[in-house]
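I opened a fresh notebook page for this one and went through it topic by topic. Here is the structure, followed by my entries.

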Amino acid sequence: MDAEQTARPGWGIFWMIVTGLCFVAVTALVKILGTRIPAPEAAFLRYLLGLVFLIPMAGPMLRAPLTRRLWGLFAARGAVHTIGVALWFYAMARIPIADVTAMNYLSPIYVTLGAVFFLGEKLAFRRVLAVVFALIGALIILRPGFREVGSGHLAMIFTAIFFGASYLLAKMASGKVSPAVVVGMLSIFVTIGLAPLALMNWVTPTLWELAILFAVACFATLGHYTMTLAFRAAPLAVTQPATFLQLVWAVSLGALFFGEGVDPFVVLGGLVIVGSVSFISWREAVLKRRAVTPSMHQTKG
């Protein structure tokens with residue numbers, strides 16, 4: 001697989017660009033949806049409507065040898081991902097698209113820290129350096145003391161933390177069952193987890209709002225699929241820098257269609273965070289070729 005990956009870097013970059021476009025489409029659609037539908041309900045409807053994409057996974061899921069430990073991992077991942085998704089929908093409706101996109105890049109940094117504390121991986125100096133620079137990038141975006149840090153920004157900080165925890169739990173489960181089972185179980189558990197939160201403050205959606213949420217489910221599913229194609233075609237060290245284009249598109253989209261000003265500090269902070277993640281990815285790829293440590297892309301859920 002390694003030889004195949006390094007042989008198709010162009011396709012890896014192409015699929016990662018498509019992935020970025022899909023995820024920017026997701027953020028734009030949620031922005032269009034607005035705040036009339038409460039965040040937990042919007043997230044619940046997105047996952048409920050997206051269950052249609054689980055039909056092809058039904059066979060592998062029913063045949064999977066699920067142990068008590070795996071059920072525990074799936075339940076734990078569903079819980080943390082449920083909170084992360086609800087917070088993401090809350091933030092998306094309240095702060096600029098560029099801010100959400102830039103701060104979402106923090107998840108791999110939290111994965112790196114979590115792998116040290118929960119999976120026993122070594123915290124090498126290169127990782128410490130990357131984490132420090134990523135946190136500096138987050139401070140550049142937030143600029144506490146120089147502007148008001150709203151509830152949407154705070155929500156995104158915790159969103160990245162919960163998504164990072166979800167990726168770590170996915171790594172622990174991925175060695176036991178197929179990716180289809182991991183993804184399918186996540187969708188089921190998150191739908192169940194969001195249901196009571198949605199019912200606590202239910203607002204009947206219109207057909208237009210349901211259409212938007214179904215489109216969100218479509219683009220999100222397509223984005224995860226094309227991301228998988230990117231990882232198969234090329235190492236993360238090759239594809240990771242292309243994710244910065246997602247921030248470029250988010251800034252452009254916010255400025256052209258939603259009247260959001262272009263904040264140079266958000267762009268700079270996002271670039272610092274992406275640079276940190278790309279550095280970790282590149283170093284892990286180099287060390288993998290030397291058979292010293294596993295590639296970081298194995299932590300992806």
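My entries below go from the overall fold to the cores, the rings, the salt bridges and the surface.

**Entry 1: the overall picture**

I noted before anything else that this is a predicted model. I then looked up the secondary structure and found 14 helices and 0 strands in the chain. Written along the sequence, the pattern is α-α-α-α-α-α-α-α-α-α-α-α-α-α, which made for easy bookkeeping.

Next I checked burial: 49% of the 301 residues count as buried. The accessible surface of the chain adds up to about 14100 Å², and carbon and sulfur atoms hold 72% of that. I also looked at how far contacts reach along the sequence. Taking contacts between residues at least 6 apart, I found that 90% join residues at least 24 apart.

**Entry 2: the nonpolar cores**

Which residues have the most contacts inside the largest nonpolar core? I found Val85, Trp88, Phe89, Leu106, Met156, Leu194 and Leu247 in that role, in a core of 57 residues. A second core, separate from this one, has 14 residues, among them Met61, Phe74, Leu169 and Val182. I jotted down the textbook background too: in soluble globular proteins, nonpolar side chains tend to be buried together.

I then followed Trp88 in more detail. Setting aside neighbours within four places in sequence, Trp88 is in contact with Val26, Thr27, Val30, Val100, Met156, Thr159 and Phe163. Trp88 has a relative accessible area of 11%, so it is buried.

**Entry 3: aromatic rings**

My search of the whole structure for aromatic pairs gave 6. One of them is Phe14 with Trp15, an edge-to-face pair with 5.1 Å between centres and 65 degrees between planes. Phe14 is partly exposed at 40% relative accessibility, and Trp15 is also partly exposed, at 24%. Trp11 joins Phe14 and Trp15 in one aromatic cluster.

Trp88 came back here as well, this time with Phe89. Their ring centres are 5.3 Å apart and the planes stand at 80 degrees, so this pair is edge-to-face. Phe89 is buried, with a relative accessible area of 5%.

**Entry 4: salt bridges**

How many salt bridges does a search of the whole structure find? I got 3, and I went through each in turn.

- Lys31 forms a salt bridge with Glu260, with the closest N and O atoms 3.3 Å apart. Lys31 is in helix α2 (residues 9–33) and Glu260 in the loop between α13 (244–257) and α14 (264–289), so the pair ties together parts that are 229 residues apart in sequence. Both Lys31 and Glu260 are buried.
- Glu209 forms a salt bridge with Arg36, and their closest N and O atoms are 2.9 Å apart. Because Glu209 lies in helix α11 (residues 207–233) and Arg36 in the loop between α2 and α3 (39–50), this pair ties together parts that are 173 residues apart in sequence. Glu209 is buried at 8% relative accessible area, whereas Arg36 is partly exposed at 43%.
- Arg143 forms a salt bridge with Asp263, the closest N and O atoms being 3.2 Å apart. Arg143 sits in the loop between α8 and α9 (151–174) and Asp263 in the loop between α13 and α14, so parts that are 120 residues apart in sequence are tied together. Arg143 is buried, with a relative accessible area of 15%.

**Entry 5: two polar residues inside helices**

I picked Asp99, which is in helix α6 (residues 97–104). Is Asp99 buried or exposed? Its relative accessibility is 3%, so I logged Asp99 as buried. Asp99 and His153 are 54 residues apart in sequence, yet their C-alpha atoms are 7.8 Å apart in space.

I then turned to Thr191 in helix α10 (residues 179–200). Thr191 is buried too, at 7% relative accessibility. Not counting residues up to four places away in sequence, Thr191 touches Phe44, Tyr47, Leu48 and Leu51.

**Entry 6: a nonpolar patch on the surface**

My last stop was the surface. Phe125, Val128, Leu129, Val132, Phe133 and Ile136 form a nonpolar patch there, and together they have about 520 Å² of accessible area. I looked up Val132 from this group: it is in helix α8 (residues 125–142). With 41% relative accessibility, Val132 counts as partly exposed.

How values were computed:
Residues are numbered from 1 along each chain as its sequence is written. This is a predicted model: local features need pLDDT of at least 70, side-chain atom pairs count only at pLDDT 80 or more; totals for chains, interfaces and linings use all residues. Side-chain values use heavy atoms; hydrogens and water are left out. Patches are made of residues with over 30% relative accessible area and no salt bridge: like charges are joined within 9 Å, nonpolar side chains (Val, Leu, Ile, Met, Phe, Trp, Tyr) within 5 Å. Accessible areas come from the Shrake-Rupley method with a 1.4 Å probe; for residues, only the protein chains shown count as cover. A salt bridge is a side-chain nitrogen of Lys or Arg within 4 Å of a carboxyl oxygen of Asp or Glu. Helices (H or I, at least four residues) and strands (E, at least two) are DSSP runs, numbered from the N terminus. Buried means under 20% relative accessible area, exposed over 50%, partly exposed in between (1.4 Å probe, protein chains only). A nonpolar core is a set of buried Ala, Val, Leu, Ile, Met, Phe, Trp, Tyr and Cys residues joined through side-chain atoms within 4.5 Å. Contact means heavy atoms within 4.5 Å. Rings of Phe, Tyr and Trp (its six-membered ring) pair if their centres lie within 6.5 Å; planes under 30 degrees apart count as stacked, over 60 as edge-to-face and the rest as tilted.
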